[in-house]
Amino acid sequence: MDGNSSTPRITCAYLSQYVGKLVTVVGKVVQLRGEEATIDADGTIHAFLNREAHLSANNGVQIIGKVNPDLSIKVLSSVDLGQGVDYNLANAVVEVTHRYKPLFLYEN
């Protein structure tokens, strides 16, 4: 990434608008199966994890990754946020950043 682009925060509803682009998602890890995770981010997202990912089921996670054509995400980095994540707040932040795009740095 260069200084002229960012990884917009999205939920499941925005996946189709960002195919081929980097995004940031905060959600709850619903299921882990090998190098795949199912994440609830106001809808179900399938994520393909990298080897550095150390997530726990039922914990919150922030992932940065590329949206695939099938609307899954190839994870480039992830952070286990633990328990007690305010998902309503995380979703509200997504809505604000999309409603007021000029205030946030997006594509050039």
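Before the loops, a word on elements: helices (H or I, at least four residues) and strands (E, at least two) are DSSP runs, numbered from the N terminus. With that in place, N58 lies in the loop between β3 and β4, and N58 has a positive phi of about 75° although it is not a glycine. At a relative accessibility of 44%, N58 counts as partly exposed, where buried means under 20% relative accessible area, exposed over 50%, and partly exposed in between, with a 1.4 Å probe and protein chains only.

I should say early that this is a predicted model, in which local features need pLDDT of at least 70 and side-chain atom pairs count only at pLDDT 80 or more, while totals for chains, interfaces and linings use all residues. Residues are numbered from 1 along each chain as its sequence is written, and side-chain values use heavy atoms, with hydrogens and water left out.

Let me turn to the strands, which count as paired if DSSP finds at least two bridges between them. Strand β2, residues 36–40, pairs with β3 in the antiparallel sense over 5 bridges, and T38 stands opposite H46 in β3. The two strands form a hairpin with 3 residues between them, and D42 in the turn has a positive phi of about 60°. On its other pairing, β3 runs parallel to strand β5, residues 73–82, over 2 bridges, and the bridge partner of A47 in β5 is I73.

Which side chains of β3 are buried, and which are not? Along residues 44–48 they alternate, so to speak, face by face: I45 and A47 point to one face and are buried, whereas T44, H46 and F48 point to the other and are not.Next comes the nonpolar core, meaning a set of buried Ala, Val, Leu, Ile, Met, Phe, Trp, Tyr and Cys residues joined through side-chain atoms within 4.5 Å. The largest such core has 21 residues, of which I10, V23, V25, I63 and I73 touch the most other members. The elements giving two or more residues to this core are β1 (22–33), β2, β3, β4 (60–67) and β5. For V23, leaving aside neighbours within four places in sequence, the contacts (heavy atoms within 4.5 Å) include T7, P8, I10, Y18, I63 and I73.

What about the polar residues in the loop between β3 and β4? N50 is found there and counts as buried, because its relative accessibility is 17%. Not counting residues up to four places away in sequence, N50 touches V75, L76 and S77.

How many salt bridges does the structure hold? There is 1, the term meaning a side-chain nitrogen of Lys or Arg within 4 Å of a carboxyl oxygen of Asp or Glu. R51 forms this bridge with E35, and the closest N and O atoms are 3.4 Å apart. The pair links distant parts of the chain, with R51 in the loop between β3 and β4 and E35 in the loop between β1 and β2, 16 residues apart. R51 is exposed, at a relative accessible area of 70%, whereas E35, at 44%, counts as partly exposed.

One further backbone detail concerns L71, which is found in the loop between β4 and β5. Phi of L71 is near 70°, a positive value in a residue other than glycine, and L71 is partly exposed, with a relative accessible area of 33%.
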